[in-house]
Amino acid sequence: MNLGCIYKRSLEYLKDKKIPTPDKDAQYIIAHFLKISPHEIFINRDREVSPFKSFLIKRAIVSRGKFKPIAYILKRKYFYRDVFFVNNKVLIPRSDTEHLIYAVEEINTPFKNILEIGTGSGAIAVSLSRLYPVANIIALDIYTAIARKNIKRLGIKNIFLEKKNFFKWMPNNKNGLFDLIISNPPYLSEKDLKNLGKDAALYEPKKAFYGGKDGLDFYRAIAEFAKAGLLKLGYVILEVDYKWKKVMHIFEKEGFGKIVVKKDYNDLERVLVVQKDF
Ligand SMILES: C[S@@+](CC[C@H](N)C(=O)[O-])C[C@H]1O[C@@H](n2cnc3c(N)ncnc32)[C@H](O)[C@@H]1O
């Protein structure tokens with residue numbers, strides 16, 4: 001079958017399944033398996049595609065038709081400077097989350113002891129390791145197998161994984177060691193969860209999203225932990241959503257005075273930067 005025909009069939013299939021961006025998704029999948037860029041599909045319409053490659057493309061398109069996220073189908077997601085292995089045991093790292101790393105870059109301080117809470121695929125910890133190759137980075141999560149795989153694949157040496165529940169770990173580790181605490185914690189409330197997109201609701205792990213009834217459980221725990229667990233003048237950097245003002249108040253109530261909110265490329269408040277001034 002030729003490329004033009006494969007594209008047309010894939011597009012029609014995804015349209016029929018009501019996938020929101022059928023053209024973009026079909027192009028991305030086909031380009032991936034043929035190792036070409038999406039625009040080359042249109043200039044090489046007559047190119048013959050081998051039966052094996054056609055089979056791989058068809059299989060991926062059928063999965064996408066069931067709303068499986070492309071990152072899970074291809075088992076990879078680009079984040080900051082690296083490509084991460086992902087499967088449906090970990091959240092797919094989002095490009096919005098890269099703003100946490102940009103916030104760290106802006107502070108431009110040689111952090112030495114870093115804690116990441118809820119590392120998932122390891123995307124944030126690995127990206128920080130690229131910036132701070134000699135810092136001690138502790139990356140904590142209840143599930144660490146995929147982060148471990150990524151850290152090994154990417155040859156990272158300064159990340160120490162802790163397979164722990166943060167709420168149980170924190171009472172025994174408030175010894176004022178860290179100069180940076182960073183997290184994209186689970187922050188969806190019960191109500192938010194009901195509005196989760198179909199891809200995420202069907203395939204991504206619930207534990208990566210659910211932050212308690214009001215979505216703020218992790219922020220409250222991190223604020224409490226940071227009072228003692230963070231060095232004076234250390235930073236807490238957190239991903240937030242529309243509830244960002246509530247997160248700010250949680251930190252203010254715990255005595256943090258220096259709080260700045262940063263926006264993402266869609267002009268939405270996305271990152272809270274808190275500096276401990278006591
Ligand atoms: C929103 S995801 C963030 C994943 C990754 N850091 C990223 O930004 O792509 C939140 C992570 O918190 C982890 N998590 C959930 N409950 C936890 C707990 N009690 N203690 C530690 N980690 C937890 C989840 O397993 C998930 O990996």
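## A walk to the ligand

Start with the whole chain as a cartoon: it has 13 helices and nine strands (DSSP runs, with helices of type H or I at least four residues long and strands, E, at least two, numbered from the N terminus). The radius of gyration, taken over C-alpha atoms, is 21 Å, close to the 19 Å that the globule rule gives for 278 residues, so the chain is as compact as a globular protein of that length. That rule is 2.2 Å times the number of residues to the power 0.38.

Before zooming in, note that this is a predicted model, where local features need pLDDT of at least 70, side-chain atom pairs count only at pLDDT 80 or more, and totals for chains, interfaces and linings use all residues. Residues are numbered from 1 along each chain as its sequence is written, and side-chain values use heavy atoms, with hydrogens and water left out.

Now select the ligand and the residues around it (a heavy atom within 4 Å). You should get 21 residues, of which Gly118, Asp141, Asn165, Phe166 and Asn184 come nearest.

Next, show polar contacts (pairs of N or O atoms within 3.5 Å). At glycine 118, a backbone N or O atom lies 2.8 Å from a ligand nitrogen; at threonine 119, a backbone N or O atom is 3.3 Å from a ligand nitrogen. Then click aspartate 141: an N or O atom of its side chain sits 2.7 Å from a ligand oxygen.

Turn on the surface. The protein covers 93% of the 590 Å² of accessible area that the ligand has on its own (Shrake-Rupley method, 1.4 Å probe).

Last, colour strand E4 (136-141) and helix H9 (166-169), the elements that give two or more residues to the shell around the ligand.

Technical notes
A polar contact is a pair of N or O atoms within 3.5 Å; within protein, one must be able to donate a hydrogen and the other to accept it, and residues adjacent in sequence count only if both atoms are side-chain atoms.
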